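Got your viewer open? Here is a short tour, one selection at a time.

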Amino acid sequence: EHRSRLLAAAAEEFAAKGIAGARVDEISLAAGLAKGTIYNYFASKEAVFGAVLQAWVERGEARRVQVPFDRPIRDQLRAFVQADIDAVTEMEDFARTAFREMLIQPMDTLRSFMPAWEPTEDQLRLVISGGIQRGDLRDDRSVSELAGVLSIMVTGALFEHWLPDGPSLEDIPDLVTDYFMDGAAVRSPSS
């Protein structure tokens with residue numbers, strides 16, 4: 001219970017102040033615990049951030065609906081993107097901060113955060129691999145390349161959402177899936 005409270009307080013602290021500005025004692029106090037309690041659970045402020053990041057990714061994983069592989073690839077990919085957007089919706093202030101922090105962190109710190117996304121990336125590669133095997137997606141690009149492009153499109157759409165006149169979170173799953181399929185779907189010989 002203490003760990004969960006610390007993570008919730010940390011998400012708010014990081015969202016408000018970023019990694020550099022966040023104070024671990026403030027996180028402990030906001031969680032209703034004594035100063036320094038956070039160090040009973042985490043070795044550093046960066047470890048706390050990584051744990052909040054992991055919890056955010058797990059929210060997306062928990063929301064992911066496994067669309068049967070015999071359904072159209074567009075349905076599978078849209079469900080995948082929808083789960084990510086649902087997780088962003090639940091923690092949008094932290095999500096915005098997390099994206100910013102990922103752009104400014106030293107490479108070693110950034111590498112320490114990357115394992116949080118591995119299960120999501122593995123699931124996406126599995127869906128895309130199935131789409132290639134069924135002939136729904138082009139096979140002249142690797143599974144990793146196609147998964148990377150879809151991930152970048154989701155990230156880009158989120159950045160656009162946070163700009164004036166950007167797409168709504170509700171529009172992003174269809175927008176990203178449609179544009180991805182425009183480029184990744186198998187084309188007829190005359191295309």
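Start by selecting glutamine 105, which counts as buried at 17% relative accessibility, because the cut-off for buried is under 20%. Keep in mind as you click around that this is a predicted model. Where does glutamine 105 sit? Look in the loop between helix H5 (92-104) and helix H6 (107-113).

Now show side chains around that spot. Glutamine 105 and glutamate 101 are joined through their side chains by a polar contact of 2.6 Å. Leave out residues up to four places away in sequence, and what glutamine 105 touches is Ile19, Leu110 and Phe113.

Ile19 makes a handy stepping stone. Select phenylalanine 14 next: with neighbours within four places in sequence set aside, its contacts include Ile19 again, along with Ala22, Ile27, Lys45, Val48, Phe49, Val52, Phe94 and Thr97. Which residues have the most contacts inside the largest nonpolar core? They are Phe14, Trp56 and Phe94, in a core of 56 residues. Colour those three and you have a good set of landmarks for the next stops.

**Charged pairs**

Side chains of opposite charge can pair when their charged atoms come close. Searching the whole structure turns up 17 salt bridges, and a few are worth a stop.

Select glutamate 61 and arginine 64: their side chains meet in a salt bridge, 3.4 Å from N to O. Are the two partners buried or exposed? Both glutamate 61 and arginine 64 are buried.

Step over to arginine 63, which has a salt bridge to aspartate 86, with 3.5 Å between the closest N and O atoms. Arginine 63 belongs to helix H3 (residues 45-63) and aspartate 86 to helix H4 (residues 73-90), so this pair ties together parts 23 residues apart in sequence. Switch on the surface here: arginine 63 has 37% relative accessibility and counts as partly exposed, while aspartate 86, with a relative accessible area of 21%, is partly exposed too.

Stay on helix H4 and pick arginine 74, whose side chain meets that of aspartate 178 in a salt bridge of 2.6 Å, N to O. This one links distant parts of the chain, with aspartate 178 in helix H9 (residues 172-184) and arginine 74 in helix H4, 104 residues apart. Aspartate 178 is partly exposed at 34% relative accessibility; for arginine 74 the relative accessible area is 26%, so partly exposed is the label there as well.

Before leaving the charges, select Arg59, Arg63, Asp86 and Glu90 together: salt bridges with shared partners join these four into one network.

**Zoom out**

Hide the side chains and go back to the cartoon. What does the protein contain in the way of helices and strands? Nine helices and zero strands, so reading from the N terminus you get α-α-α-α-α-α-α-α-α. Turn the C-alpha trace along its principal axes and the span is about 65 × 35 × 30 Å.

Try colouring by accessibility: of the 191 residues, 41% are buried. A surface view gives an accessible area of about 10,200 Å², with 53% of that belonging to carbon and sulfur atoms. For a last look, put up a contact map: among contacts with a separation of 6 or more, 67% are between residues 24 or more positions apart.

Definitions and conventions:
Residues numbered from 1 in each chain as written. Predicted model: local features only at pLDDT ≥ 70, side-chain atom pairs only at ≥ 80, totals over all residues. Heavy atoms only, no water. Buried < 20%, exposed > 50% of the residue type's maximum accessible area, 1.4 Å probe, protein only. Helix = DSSP H or I, 4+ residues; strand = E, 2+ residues; numbered from the N terminus. Polar contact = N/O pair within 3.5 Å; in protein donor to acceptor, adjacent residues only side chain to side chain. Contact = heavy atoms within 4.5 Å. Core = buried A, V, L, I, M, F, W, Y, C linked by side-chain atoms within 4.5 Å. Areas by Shrake-Rupley, 256 points an atom, 1.4 Å probe, with all protein chains shown as cover.
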